[in-house]
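Student: Could you take me through one helix of this model in close detail, and then carry on to the aromatic rings and the nonpolar packing elsewhere in the chain?

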Amino acid sequence: MDFFILMLAIPLVSGALLTVVGERAWAPNLNIIASLGTFAAAAGLTIEIVANGPRFAFGEQFFIDSLNVFFVALTAFVGLTTSIFSGPYMKNEREHGRLTAPRLRLYKGMYQLFMFTMLAALTTNNLGILWVAMEAATLTTVLLVSLYRTPASLEAAWKYFILCGVGIAQALFGTILLYFAAERVLGASGNALLWTHLIDVKGQLEPTIMALSFIFLLVGYGTKVGLAPLHNWLPDAHAEGPTPVSAVLSGLLLNVALYAILRCKVLADGAIPNAFAGNLMIGFGLFTLLVAAFFLSRQKDVKRMFAYSSIEHMGLITFAFGMGGPVANFAGLLHMTMHSLTKSAIFFAVGHATQKTGTQLMADIRGLIRINPLIGWGLMLGTLAILGMPPFGVFASEFMILTHAMKYHPWATPILLLGLGVAFAAIFGKVQPMVFGETEARRLPHAPAITPVFLHLGIVLTLGLYIPPYLTRWFHEASRMLG
């Protein structure tokens, strides 16, 4: 059995099926079963790549190696837990009258198609197909963000579509420039957009054209990463879309967009002297971290606040990969993993909390520890984890990034500490009364799915205390491939 074909076929076929019958009573179970099948296929593919090394699929159009199969496994896992969480969550939304049967059908169908586009983007060897998959992911998430059909959700979806549309157009121009540089070396053989061919000739690519190409690619895909000042769509999309969509946007889509930048950075590093690409990423990363940190203190909506937290962490990760080297790349990969698991767990807890209280305004959310202790503790522990408190894994990755910056970029250390300190004070000061304050909130008609929250946090805690040797080797191999 070809695990790769199975991994792509399951979300594609189930997405088409759920688009037709997604309002049926058994549709949530089908959504979970499809996500479980995708995860099982991704796990099988991961075992195959770790044991036998990289492989191609569909000729040379798809390529799976130690770097992208890591993202594939993470994406499929978070996709599975989010589908489990979304079952009772969407039932409660239906009970509250916020969703109709046709919109539930649209949600389930687009969710699976969104998973397909992300997995295709991660595994393609063709940078043109990568661009197409990223554009398809944008289109599916636009429909998911606008699911409630309120004026605010439609405005958020429109802003998301326009800003990311402009960004993806910049990425297309960067891809065209990259092809122009590669065709001079590889000729018009059709291989000029295949990453495995480009990596072999990266030192022969024209530096000036590659510099322009990377600028457009960084700006284009950086729009979807949420890098400032291209981040304006992200808080609105998180605040107005369903919470499961917020979980996969923060936990998965931002990673996929950053992965696209990393693949292009490897090529730019080989063609351009003086760490041009890395310095650009360092600048964008630090600026994003500071902008997000200072915006955090002004937020009143809980989902907007954690959206800015995602922007802050993507800035930190971009900074880490900009520094480059085995330690910084290892720390960046670890932080991407910890952020995906922690932030999706936080949004799971926030989703149930907002349903219980009937509002997303933090001033009106109080006493979660009394309404439902599991939700209250889930939100508090998730907040402590994302703020980098030991012994959670985020502390380990942030510590590695900070110490590496102290050694090789000491001028950036005060900026990092300022941004992280401001973010800590803003988030903790707002979450603490949400969890421990007084409340008279009502019970939910359907019991929330708490298991995904503590499953994610348990993994984050475990990796903060002990990283298994095979996972360490995996991270080292992936970081080596980034240069």
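Tutor: In helix α2 of this predicted model, the buried residues are A27, P28, N31, A34, S35, T38, A41, A42, G44, L45, T46 and I49. They pack against several other elements, namely the helices α1 (3-21), α3 (66-95), α4 and α19 (469-481), together with the strands β1 (55-57) and β2 (62-64). Helix α2 itself covers residues 27-52, and its 26 residues reach 37 Å from the first C-alpha to the last, which is close to the 38 Å expected at 1.5 Å a residue. Just after α2, G53 takes a positive phi of about 90°.

Turning to the aromatic rings, the structure holds 21 aromatic pairs. One of them joins F58 and F62, whose ring centres are 5.8 Å apart and whose planes stand at 65°, so this pair is edge-to-face. With planes over 60 degrees apart counting as edge-to-face, the angle of 65° decides the class for F58 and F62. The two partners differ in their surroundings, because F58 has 54% relative accessibility and counts as exposed, whereas F62, with a relative accessible area of 12%, is buried.

The pair of Y107 and Y111 has ring centres 5.9 Å apart and planes at 35°, so it is tilted. These two tyrosines belong to helix α4 (residues 101-123), one of the elements against which the buried residues of α2 pack, and, being four residues apart, Y107 and Y111 are separated by about one helical turn. Y107 is buried at a relative accessible area of 1%, and Y111 likewise counts as buried at 1% relative accessibility.

Elsewhere, ring pairs link F70, F71, Y259, F330, W474 and F475 into a cluster. Charged groups also meet rings: the charged end of R98 sits over the ring of Y148, 4.0 Å from its centre, while that of R263 sits over the ring of W195, 4.2 Å from its centre.

As for the nonpolar packing, the largest core has 153 residues, of which M7, Y221, F306, F321 and L379 touch the most other members. Helix α10 (residues 243-271) gives the most to this core, with 19 residues. Taking L379 as an example, and leaving aside its neighbours within four places in sequence, its contacts are F306, I346, A349, V350, L368, V431, M434 and V435. A second, separate core has 15 residues, among them L289, A320, M323 and A331.

How values were computed:
Residues numbered from 1 in each chain as written. Predicted model: local features only at pLDDT ≥ 70, side-chain atom pairs only at ≥ 80, totals over all residues. Heavy atoms only, no water. Phe/Tyr/Trp six-rings, centres within 6.5 Å; stacked < 30°, edge-to-face > 60°. Buried < 20%, exposed > 50% of the residue type's maximum accessible area, 1.4 Å probe, protein only. Lys NZ or Arg CZ within 6 Å of the ring centre and 35° of its normal. Expected span 1.5 Å × (residues − 1). Contact = heavy atoms within 4.5 Å. Core = buried A, V, L, I, M, F, W, Y, C linked by side-chain atoms within 4.5 Å.
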